Amino acid sequence: MGAYIVRRLLLMLVTLIGMSILIFVMLRLVPGNITDIIFDSAGFVNPAQKKKIERQLGLDQPIAVQYVNWIGGLMRGDLGYAYVSEKPAIEEIVPRIPVTAKLAALALIFSTLFGVPLGVLSAVRQNTWLDYVLRVFSLSGLSLPAFWLGLLILMACVHWFGWIPIYRSTPESPWQELALLCIPAAAVGFRSSALVMRLTRSSMLEVLRQDYIRTARAKGASETAVNYDHALRNAVLPVVTIIGIEAAFLIGGLIVTETVFNIPGVARFLVEAIRWRDYPIVQNLVMFIAIIVVFVNFAIDMMYAVLDPRIKYEE
Amino acid sequence: MRSKLAFAVALSIAAPGLVATPVLAQKQGGTLRVYHRDNLPSGSIHEEATISTVQPFMGVFNNLVLFDQQKPLNTPETIMPDLADSWAWDATKTKLTFKLHPGVKWHDGKPFTAKDVQCTWNKLTGKDPDDFRKNPRAIWWQNLKEVTVDGDLEATFVLNRPQPSFLSMFASGYTPVYPCHVSTKDMRTNPIGTGPFKFVELKRGDSVKFVRNPDYWKKGKPYLDGIDWKVIENRSTRVLAFVAGEFDMTFGTDITIPLLKDINAQAPQAVCELAPSYVSINLIINPKAAPFNDPTIRKAMALALDRKTFIDILSNGKDDISGVMLPPPEGVWGMPPEMLAALPGYSTDIEKSRAEARKIMEGLGYSESKVLKVKVATRNISVYRDPAVILIDQLKKVYIDGELEVVDTSIWHAKVTRGDYSVGLNLTGVSVDDPDVNLYENYSCNSERNLTQYCNKDVDALIDKQSQETDFDKRKKIVWEIERKLAEDLARPIINYQRLATCWQPQVKGFVLHRNSIYNNWRYEDVWLDK
């Protein structure tokens, strides 16, 4: 197990180095840079002044030098300065992480709390009206675009309650924040729970046909014990995988939800930074997301062994 | 004559409001909540050419003079004292002296003096080592030789030649006075002014906050405790939020005609005013890119334009057909419709114009079976894309097969400046309804914002001539002559001027929407909340 963990950690390091090179190079392949954008809001471009700004920002240096400077800074905890706000990048990035993390966590809780039990229910009541209703529910969750669902929720709130559930100012209490985030979290979690529900259902259906389930029933185990202790425990591995993937996705993939509900989170900020070619923000944020994804995957792999003792990493 | 005309126009526009609005005592307090449509590039008004910066930040500063915030039209007659208590021209009309208001302090407590005025214009004219990173309106000050100071309370602007409308440029929201002791970098991120509101913080992509300046030198003002701007990029969300009463005001000119209908239906209590934005939709043709270096092809393109169809589709017929200057009644310098119709490409008989255009194209070897293929470049924003699509459709009528090339909005100006386009569709805003501003900025040979790099020495001479003319009627005639030449040269043909709406809740008082500029009425020092 120890050797496996070391191997995985080394692999993670290689992955992160690869990611850093990839994002660094790809960003610079996109046409235009920050100087074009700085001038855009002035409605003209002054080539001499543009060169001067490029020199000030170090964009005139060879790309390898720029990369080494960035990685060197990263090692020292210096993320550089945001090009647009001219503030330290860390000051721009850090306040946004908790906002997205809370939204993602709430969405994940929502999707797990609804997706897993409803998936189980749908499987054990296969081909009943309840199963059909739940399948339609999950299909609509997968097929409704998040922005559309978000806008529908906003329109409905304004129409019926004369109130709009958008993020206005920094909430004064955790409860206020919970109230602000739960509606967008539900909008995101709806799609996510539909995915979890469908996967749980299909996984459960497969397990419920196994011999050991029949044996459990023959021994007189209750339906609840059969479904949750015997079947779900064995069906949960792919569900855990998908929840892990969703968790990683939610950190950087909430662009539309953050935009529609006006949440000042990481994903919206990342898109904005890409639009502005704000390299220090984009590079560091993408690296942050990459680290989260890599670690979540690692955690899921570790969880497999806990959930299913048959899995031995030494082998 | 000029003042009479301006007064008559102003009265006709303002009268309904003046008659209908009862006189109310202003109430102190409350925070004005306004939404912002996008991420503002910086807080330095001098370095930007966008309403996104000037609208929230104008309240931080004072100008030397300012267009009256309570009058809907910007004219020389509506220029009011601001930091300057008075001003006077010398006999040669080349020296403009401002007497400054005593006892004014910057937000950081340092005293405001004539040196600050000198510093600001030294930066604008590139004489200060800590100059601006970008200086989009440098052309405004090309006639400025130097700024001299006499003590702390007198500054004199020395011009190379007389320029009667020079004062108008000082009255724009784009012309605040900056402090000497704050660097241009700090002015972008943490601006210090003398204005009614102090800058608190700018959270990128989230909000901008301002609080009342308790030591504001205009006693009793401002009435508001502060202004909170919330950035909401999604238009549907921000309009819904306004309808739900989350905001007291929309971002200026953010409401299009279809959205205006929605707001009128869903928030009937809201006050919404539709006004010209002085932002034009215009056709840009690269005269250096073959075959558009041939003026006859450019003429054929101009003849293909059906401006009425543009405005019918884009604004239900509300926008204005115009030449370069904003048309009357709001525009002071625009041509009357009958004169406009005589310009090349402005005929109301579209079919006749297009027949002429086809004839030109046939003469150049084009026909229905041999069309001229061209890419029509534009920014990837709907207000650009939509008219570009209509343009492509209209060009088809004269054997020009356009293909839409949407350009990432962030590199649009870089692409145009490089001349990396043949035909494009652009939007251009003008901040002061004065020929000096519009013509120098967009059509003179040495302007950096002359996107198509159109250069006609005769036109430049005429621009200089009108700039020195003191008689309003004579100057107007020269301006119209320039209009005619620009239309003949097809220098960035104006398709239409947009009309857009701004809305506010009934509790917002003391705000007057300007009718011939969207850049000059955001001081907010007269605005109060009737709550």
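In this predicted model, the centres of domain 1 and domain 2 of chain A, taken over C-alpha atoms, are 32 Å apart. Domain 1 covers 2-94 of chain A, and domain 2 covers 96-307. The notes below look at where those two domains touch, then move over to a sheet in chain B.

**Domain contact in chain A**
- Domain 1 of chain A puts 25 residues into the contact, and domain 2 of chain A puts in 19 residues.
- On the domain 1 side, α1 (2-29), α2 (34-40) and α5 (89-93) of chain A each chip in with at least two residues.
- The top contributor to that side is α1(A), with nine residues.
- As for chemistry, the residues on the side of domain 1 of chain A that touches domain 2 break down into 18 nonpolar, five polar and two charged.

**The sheet in chain B**
- Chain B has an open, antiparallel sheet of four strands, running in the order β4-β5-β7-β6.
- Since β4 (84-89) and β6 (144-149) of chain B sit at the edges with a single partner strand each, one side of each has no neighbour in the sheet.
- Going from one strand to the next, the twist averages 20°.

**Pairing and packing around β5(B)**
- Five bridges link β4(B) to β5 (residues 95-100) of chain B, in the antiparallel sense.
- If you want to find a specific pair, look for A88(B), whose bridge partner in β5(B) is T97(B).
- Helix α3 (residues 114-124) of chain B packs on the sheet and touches β5, β6 and β7 (154-159) of chain B.
- The direction of α3(B) makes about 160° with that of β6(B).

Terms used. Residues numbered from 1 in each chain as written. Chains lettered and ligands numbered in written order. Predicted model: local features only at pLDDT ≥ 70, side-chain atom pairs only at ≥ 80, totals over all residues. Domains from an automatic or database assignment. Contact = placed C-beta atoms within 7 Å. Nonpolar A, V, L, I, M, F, W, Y, C, P; charged D, E, K, R; others polar. Pairing = 2+ DSSP bridges. Axes fitted to C-alpha atoms, helices over the stretch in contact; angles between N-to-C directions.
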